[in-house]
Amino acid sequence: MRLLAVEQIMTERKVSVERNTLETQIKVTINLDGTGEGRFAIGVPFMEHMLDQVVRHGLIDLDVECVGDTH
């Protein structure tokens with residue numbers, strides 16, 4: 001029986017998305033293979049705190065920037 005060597009190539013699991021409306025401008029960058037770094041400029045402290053917990057414990061990198069009507 002002959003075994004075949006299978007090489008898996010890991011692609012980068014990182015994405016950036018921007019959404020602009022008349023009320024808000026939002027930019028999000030996420031790296032699922034990060035180190036637990038997060039930067040948040042959302043304007044809603046509790047949401048920033050909860051996202052920080054996800055980032056730290058999930059070892060992902062996440063940048064979120066929101067401008068405009070965030071309430």
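**Thr24 and the strands around it**

Leaving aside residues up to four places away in sequence, Thr24 makes contact with Arg19, Val67, Gly68 and Asp69. In this predicted model, Thr24 sits in strand S2, which spans residues 24–31. Its relative accessibility comes out at 15%, and since the cut-off for buried is under 20%, Thr24 counts as buried. Across the protein, buried residues account for 20% of the 71 residues.

Now for the pairing. S2 lines up with strand S4 (residues 61–68) in the antiparallel sense, and eight bridges link the two. Along that pairing, Ile30 has Leu62 of S4 as its bridge partner. S4 also pairs with strand S3 (residues 38–41), this time in the parallel sense and over four bridges. Here Leu62 turns up again, since Gly38 stands opposite Leu62 in S4. To get from S3 to S4, the chain goes by way of helix H1 (residues 45–58), and the resulting β-α-β crossover is left-handed.

Zooming out, the protein's secondary structure adds up to four strands and one helix, arranged along the sequence as β-β-β-α-β. As for contacts between residues at least 6 apart in sequence, 53% join residues at least 24 apart. The protein's accessible surface is about 6,100 Å², and carbon and sulfur atoms hold 56% of that surface.

Terms used:
Residues are numbered from 1 along each chain as its sequence is written. This is a predicted model: local features need pLDDT of at least 70, side-chain atom pairs count only at pLDDT 80 or more; totals for chains, interfaces and linings use all residues. Side-chain values use heavy atoms; hydrogens and water are left out. Buried means under 20% relative accessible area, exposed over 50%, partly exposed in between (1.4 Å probe, protein chains only). Contact means heavy atoms within 4.5 Å. Two strands pair if DSSP finds at least two bridges between them. A crossover is right-handed if, with the strands pointing away from the viewer, the path from the first strand over the helix to the second runs clockwise. Accessible areas come from the Shrake-Rupley method with a 1.4 Å probe; for residues, only the protein chains shown count as cover.
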